[in-house]
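Reader: Please take me through this model. Keep it brisk.

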Amino acid sequence: MIVVGNLKFWFGIGISVLLLVLFVLTSNPRQMLEALTGALTGSKIVFLVPAVLIHLVAIYLSTLRWSVLLHHVKPISTNRLFPVVVVSVMANALLPMRAGE
């Protein structure tokens, strides 16, 4: 439960704001936009839709696997477990050295 007067809560908010400001001040948005447009103009967008669909199917199959593995502990529906698996995939993509596993 988040209590507004909680020191840990405000410390976490302060660190988050500080890191966000540091990121904005040290990044070059124009250079990032130029790199993004350069990458998109040289790519074939027609492959993007099948790739995203295949990735979603793989995540759904992973969700089914976790549902089967956790069934003896507590039955969890696939619909409820899907967002958890999506967040774990995101963490694995963002954290270095597969620290999200």
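Author: One term comes up front: the radius of gyration is taken over C-alpha atoms, and the globule rule is 2.2 Å times the number of residues to the power 0.38. This is a predicted model, where local features need pLDDT of at least 70, side-chain atom pairs count only at pLDDT 80 or more, and totals for chains, interfaces and linings use all residues. Residues are numbered from 1 along each chain as its sequence is written, and side-chain values use heavy atoms, with hydrogens and water left out.

Reader: What radius of gyration does the chain have?

Author: A compact globule of 101 residues would come near 13 Å. The C-alpha atoms fill a box of roughly 50 × 50 × 25 Å along the principal axes. The radius of gyration of the chain is 20 Å.

Reader: Which element has the highest mean pLDDT?

Author: pLDDT is the predictor's confidence in each residue, from 0 to 100. The chain mean is 87. Helices (H or I, at least four residues) and strands (E, at least two) are DSSP runs, numbered from the N terminus. The chain has 4 helices and 0 strands, and the highest mean pLDDT, 94, belongs to helix H3.

Reader: Is Leu36 buried, partly exposed or exposed?

Author: Leu36 lies in helix H2. Buried means under 20% relative accessible area, exposed over 50%, partly exposed in between (1.4 Å probe, protein chains only). Leu36 has a relative accessible area of 47%, so this residue is partly exposed.

Reader: What share of the 101 residues is buried?

Author: The cut-off is the one just given for Leu36, under 20% relative accessible area. By that count, the buried share of the chain is 9%.
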